[in-house]
Amino acid sequence: MARPAPHDLTVIVLAAGGGTRMKSKTMKVLHPVAGRSMVGHVLAAAQAVEPRRIVAVVGHQREQVAAHIRSLVPDVVLAVQETQDGTGHAVRMAMEAVLDGGAARGTVLVAYGDTPLLQGESLRAFAANHEAAQRTVSILSGIVEDPFGLGRVIRNHEGDVEAIVEEKDATPEQREIREINSGILAFDAEFLAEVLPRIGNDNAKGEYYLTDAIGIAREDGLTVGAYALDDVMQTEGVNDRAQLARAGAEMNRRIVDRWMRDGVTVMDPATTWIEADVVLAQDVTLLPGTQLLGATVVAEDAVIGPDTTLKDCEVGAGARVVRTHGELAVVGGGATVGPFAYLRPGTQLGAGGKIGTFVETKNAVIGDGAKVPHLSYVGDAEIGEGTNIGAGTIFANYDGVAKHRTTIGRHAKTGSNNTFVAPVTLGDGAGTAGGTVVRRDVPPGALAVSSGPQRNLEGWALRKRADTAQGQAAAAATEGERDVSHDDGS
């Protein structure tokens, strides 16, 4: 059951750090996990809490990061941290951007842009618990097997939270503590605005730690508590490529598991990848080696795979897509694709249609029941209902300067090894002979033939290739024909 959102909530997302351990020209929080940037996952969780405002703190590569965040949350409040002087300094920049001389009120939730597994329901439960307990500060904590590198939650004998101690500042005894601070904190907004200027930087890194506000709150006699999250993996940050891969694998495991519980058959979860924005209907079947990426949507009873990658594609009910790579393509209900097909952007295959083996399509509309079965390239084309395209057909859409379109009508039948030199149109019910190069329009019901009568140049291999295997084979065959003729007495 969904918990109610706090009545006046501000969520601050910290996304200013450089992420040097990623060793990448791409800002850390922009690295993708399951098809979304890491900060995109965190922003989605923040939006699920239905806050009054979301504030994002940017710093390194601020133009790129800010533009990305604004594309996801258009009404976001952006704050700039010119120098990365710690989380306390970052939140101070955020509060200054929000308050702008006004009074602080409500609850402030602080999250981090590098925790892609974070779920909105967890944030909602945390914020609701903070308000229900009427605390000044709440810590989202968890118990982990290996707390190395993480801030420890320090409790007194009564179990109350006294402080958060970072790894570099912890004593040997404190480093044995397994309850860790996730970094996600909830504050009474008025207290947070008042305490931020009081946080100092007398620590090993010379930074302003937001967690020092906990000790100040305790000194002031205010309430500090912790809300333990069972699924502590949701709060794990990503700092390098190895952690990025682990987060991606865990995210995929969770996504695949959710779809299986929702009625999707996944034959081999270990080799199936489904990104966060994919939508699947009940009774979809995914075979081994399938990747569904971007905004792909698959309707009921469709079978995808094996060894298939679809990005931003739409697959209709009962369709079958085998060993295919597709992007920005639409496959109609009951259609079949593959094996070894390449659907490029703009491909639209109608209901019951077929794109077969070793066929590449691009910006092509293929009508209901139409078929392109074998070894063909169909680019910038429209193929009518029920038409069959012969094997080895090329739609020659590019003249070296511009692209042109080919239109083939309904229930046309084209021969093998055809070339359609665009722009050209075949009418309804038209046909073409094998090997035809179509350079002019073909009227409805007509048959286009471009090749001349066949001529056989007798003895050509004996004259031109006498010293080759071809010539020797021809000579032996010719001699054999003579022997047969003699045996017949002719």
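This report covers the two domains of a predicted model and the interface between them.

## Domain layout

Domain 1 spans residues 9–235. Domain 2 covers 241–448. Their centres, taken over C-alpha atoms, lie 46 Å apart.

The two domains touch. Domain 1 puts 16 residues into the contact, and domain 2 supplies eleven.

## Buried area

The size of an interface is often given as the accessible area lost when the parts come together. Here, domain 1 and domain 2 bury about 1200 Å² between them. Carbon and sulfur atoms give 61% of that area.

Three residues stand out on the domain 1 side: Met-22, Ala-34 and Leu-117. Together they supply 39% of the area that domain 1 buries against domain 2. No other three residues supply more.

## Salt bridges and polar contacts

Two salt bridges are found across the interface of domain 1 and domain 2. In a salt bridge between side chains, Arg-36 meets Asp-277 at 2.8 Å, N to O. Polar contacts also cross the interface: seven residue pairs are found, with both residues of each at pLDDT 80 or more.

## The domain 1 face

Which elements give two or more residues to the side of domain 1 that touches domain 2? They are strand S2 (32–33) and helix H1 (38–48).

By class, this side of domain 1 has eight nonpolar residues. Five more are polar, and three are charged. The charged residue Arg-36 belongs to domain 1, and its partner Asp-277 lies in domain 2.

Methods: Residues are numbered from 1 along each chain as its sequence is written. This is a predicted model: local features need pLDDT of at least 70, side-chain atom pairs count only at pLDDT 80 or more; totals for chains, interfaces and linings use all residues. Side-chain values use heavy atoms; hydrogens and water are left out. Domain bounds come from an automatic or database domain assignment. Contact means heavy atoms within 4.5 Å. Buried area is the accessible area (1.4 Å probe) that two parts lose on being put together, summed over both. A salt bridge is a side-chain nitrogen of Lys or Arg within 4 Å of a carboxyl oxygen of Asp or Glu. A polar contact is a pair of N or O atoms within 3.5 Å; within protein, one must be able to donate a hydrogen and the other to accept it, and residues adjacent in sequence count only if both atoms are side-chain atoms. Helices (H or I, at least four residues) and strands (E, at least two) are DSSP runs, numbered from the N terminus.
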